[in-house]
Amino acid sequence: MFESPIREPLITGRKTYRKITDDLVAPILGPASWKWYVTTAFTAGVMFAGFGAIAYTLWVGIGTWGLNKTVGWAFDITNFVFWIGIGHAGTLISAILLLFRQRWRMAINRAAEAMTIFAVICAGLFPIIHMGRPWLAFWFLPLPNTHGSLWVNFNSPLLWDVFAISTYFTISLLFWYTGLIPDLAMVRDRAKPGSFAHAVYSLLSFGWTGSAKQWQRFEAVSLVLAGLSTPLVLSVHSIVSFDFATSILPGWHTTIFPPYFVAGAIFSGFGMVLTLMIITREVLDLKDYITLEHIDAMAKVTLATGMMVGFAYATEFFIAWYSGSYWERYIFLNRAFGPYWWSYWAMVSCNLFIPQVFWFKKLRRSPWFVFIISIFVNIGMWFERFVIIVTSLHRDFLASSWRMYAPTWVEVTIFVGTFGLFLTLYLLFARYLPVIAAAETKSILKTSGDQYAGLAWEAYQAQKRQGSVSPALQPAMDADTPKS
Amino acid sequence: MPKYLIGLYDDEDKLLAAVETFRKEHVPIHEVCTPFPVHGLDHALHLKKSRLPDAAFVYGALGTLTALSMQIYMYTIDWPVNIGGKSNLPFPSFIPITFELTVLFAGVLMFLSYLFVNRLYPGRKALIYDPRQTDDAMVIAISDERAWDTARSLFQKTGAIEAKIVER
């Protein structure tokens, strides 16, 4: 339906170009409400609690965590994979949907890309903390050194991760900023000349004027960065899955991991985008831009990727049985019916069963209902990583070394602290930067605004009711009639 | 300070038609500024295709070469480590980093080239003919004073909402 020439509008409220500018600049240059200050103070407090727990870990040592000789990494790597996955929706929306010319992405790409960047920051914290001596993190780089010039191990997926995550962060940041420059210029020209805001936005917008040549280059760069980001986003989570898949542990050593992880990442990312966008559209009053149409489309993606993940769970079980490997079979039975059965079934219910409600259009178009389901998706995808990591480790090759794992308050505080960090960054973003890509939204106004697309659509619906459609609206009829 | 005659338009279709008219009448257009990318404007102005994508390919190739030569030098030539007799030239293991550095070089260098050719940098003063050019109006600027009289009548004819002389 989204490729039809005349379709339901993506921007409602009879917007004009000026109205779009007004709507997006008002929350930036106007005063923030007391609610923003209270919320930001709270999330910043949570963030500092997390930083405190990180400082405690570094001061006392990794012994403050619940890890033991058998389960050597658990909560930190779970959180790392969880946060990296959250980021993937942003790149999918901005890059892959750009290549597929999906116009509905334009209302949500800015915020989703911002979430990518913030999520990667949260993710990057965990491997660095787990080193125990984060000041030696530069040992991961291929630098000349005094250890007999012993280089880094290029056979190790952990090293590939270093390159993948840092490239992902850099490219996402550049892609995001490329799109921001014209919108920052828009804010600059609305600010009072000579004011502090004008000075800051002048500095940030790099002297953008919007000349024809600048826009031509802008579009060339956006397209190439989208083309680069598309394989990049698939590679990042594939490489994250290699951390497990290249090992020899039952439950990890499977070839299905890369596609399974990528689908899961997009699933969890859309879960988080839905959670935050439903709040953002409510708080910043952007319901004309992030319409029910958008929530509907995102819910469909969530349903599709959720079922891919569910299919991967089934495949894993089938292959465990079909392989005839005794250990492989045991580890999967242990996942579902062993001491961590509750985490396995939390994962399956949140990721596979609960999103099935999105088959119903009415439910997909009810924002608060979708919001609640998106929370379940977030929880389910966190449990997926916990299940993969902990259940494969806790019963290893010698029965005498079987152990249980439970996180300590330090680990939990660090994890909750990263939510504080993520939300604080998001709140600052929503306050000081345009949350919707203004220039791109303006460029689709005449094809997707309700006073244009909507009128033709309404006219067509009215004529159809009367039984005679004028030739001018024929394209709409072609698009409306399903091809058999 | 140079003076410009500017015309403001509130509709991209009118703007495109106006650009065509100006070209037909041989009125030299100094610059066209729009608040959003207008499709077909680069064709109407006969702008040359951007070579940034070609540059990105070269940058990417540079990244591929850098990554491969770095890994082969470090792992195979400079300090080959015997890990259980495994190969010192494990080509498949080199692929992920080679891919990542290809993307990194292409993306970062292309972004920097983009800023460079557009002369965009922090602290640059923007040449704004009218504050509405980043908001809701499209601006055609004429710098050649000899063409102003023709231009003024063309602005009127092509439906400009406003025409004025600005000093920038």
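Here is a short conversation about helix packing, a sheet and a chain contact in this predicted model.

Reader: What makes α3(A) and α7(A) roughly antiparallel?

Author: Start with the angle. The axes of α3 (residues 75-99) and α7 (residues 212-245) of chain A cross at roughly 155 degrees and come within 9 Å. Angles over 145 degrees count as roughly antiparallel, so that is the name for α3(A) and α7(A). The crossing of α3(A) past α7(A) is left-handed.

Reader: Which residues make that contact?

Author: On the α3(A) side they include A:Val81, A:Ile84, A:His88 and A:Leu92, and on the α7(A) side they include A:Ala226, A:Thr230, A:Val233 and A:His237. Sorted by class, the contact of α3(A) with α7(A) has 11 nonpolar residues, 7 polar ones and no charged ones.

Reader: Why are α3(A) and α8(A) called roughly perpendicular?

Author: Their angle is about 85 degrees, and the axes of α3(A) and α8 (residues 257-283) of chain A are 6 Å apart. The range for roughly perpendicular is 65 to 115 degrees, so α3(A) and α8(A) earn that description. Among the residues that meet are A:Gly85, A:Gly87 and A:Gly90 in α3(A), and A:Gly264, A:Ser268 and A:Gly269 in α8(A). The class count here is 8 nonpolar, 7 polar and no charged residues.

Reader: And what makes α11(A) and α13(A) oblique?

Author: Helices α11 (residues 341-353) and α13 (residues 367-394) of chain A cross at roughly 140 degrees, with axes that come within 8 Å. Roughly antiparallel needs an angle over 145 degrees, and roughly perpendicular ends at 115. The angle of α11(A) and α13(A) falls in the remaining class, and therefore they are oblique. α11(A) passes α13(A) in a left-handed crossing. Their contact includes A:Tyr344 and A:Met347 of α11(A), together with A:Phe376, A:Phe383 and A:Glu384 of α13(A). By class, it holds 11 nonpolar, 3 polar and 1 charged residues.

Reader: Let's turn to chain B. In what order do the 4 strands of its open sheet lie?

Author: The order is β2-β3-β1-β4, with antiparallel pairing.

Reader: How do you know that β2 and β4 of chain B are edge strands?

Author: Each of the two, β2(B) and β4 (162-167) of chain B, pairs on one side only. From one strand to the next, the twist averages 25 degrees.

Reader: What joins β3(B) to β1(B) and β2(B)?

Author: Bridges do. β1 (residues 3-9) of chain B pairs with β3(B) in the antiparallel sense over 5 bridges, and one pair of bridge partners is B:Leu5 and B:Ile142. β2(B) is joined to β3(B) by 3 bridges, again antiparallel. There, B:Val32 has B:Ile140 as its bridge partner, while B:Cys33 stands opposite B:Val139. Helix α5 (residues 148-157) of chain B packs on the sheet and touches β1, β3 and β4 of chain B.

Reader: What makes you say that β3(B) is mostly covered?

Author: Of the 5 residues in β3 (residues 138-142) of chain B, 5 are buried. Both faces are covered: B:Met138, B:Ile140 and B:Ile142 lie on one side, with B:Val139 and B:Ala141 on the other.

Reader: Why do B:His46 and B:Arg119 count as exposed?

Author: Count their neighbours. A residue is exposed if 12 or fewer other C-beta atoms lie within 10 Å of its own. B:His46 has 8, so it is exposed. B:Arg119 has 10, so it counts as exposed too.

Reader: What is notable about phi in B:His46 and B:Arg119?

Author: Most residues other than glycine have a negative phi. B:His46, in the loop between α2 and α3 of chain B, has a positive phi of about 55 degrees. B:Arg119, in the loop between α4 and β3 of chain B, has a positive phi near 55 degrees.

Reader: How many residues of chain B are in contact with chain A?

Author: 54 residues of chain B are in contact with 48 residues of chain A. On the side of chain B that touches chain A, α4(B) gives the most, with 17 residues. The residues of that side of chain B divide into 37 nonpolar, 9 polar and 8 charged.

Note on methods
Residues numbered from 1 in each chain as written. Chains lettered and ligands numbered in written order. Predicted model: local features only at pLDDT ≥ 70, side-chain atom pairs only at ≥ 80, totals over all residues. Axes fitted to C-alpha atoms, helices over the stretch in contact; angles between N-to-C directions. Parallel < 35°, antiparallel > 145°, perpendicular 65-115°, else oblique. Left-handed = near helix turned anticlockwise from the far one by under 90°. Contact = placed C-beta atoms within 7 Å. Nonpolar A, V, L, I, M, F, W, Y, C, P; charged D, E, K, R; others polar. Buried ≥ 20, exposed ≤ 12 C-beta atoms within 10 Å, placed from the backbone. Pairing = 2+ DSSP bridges.
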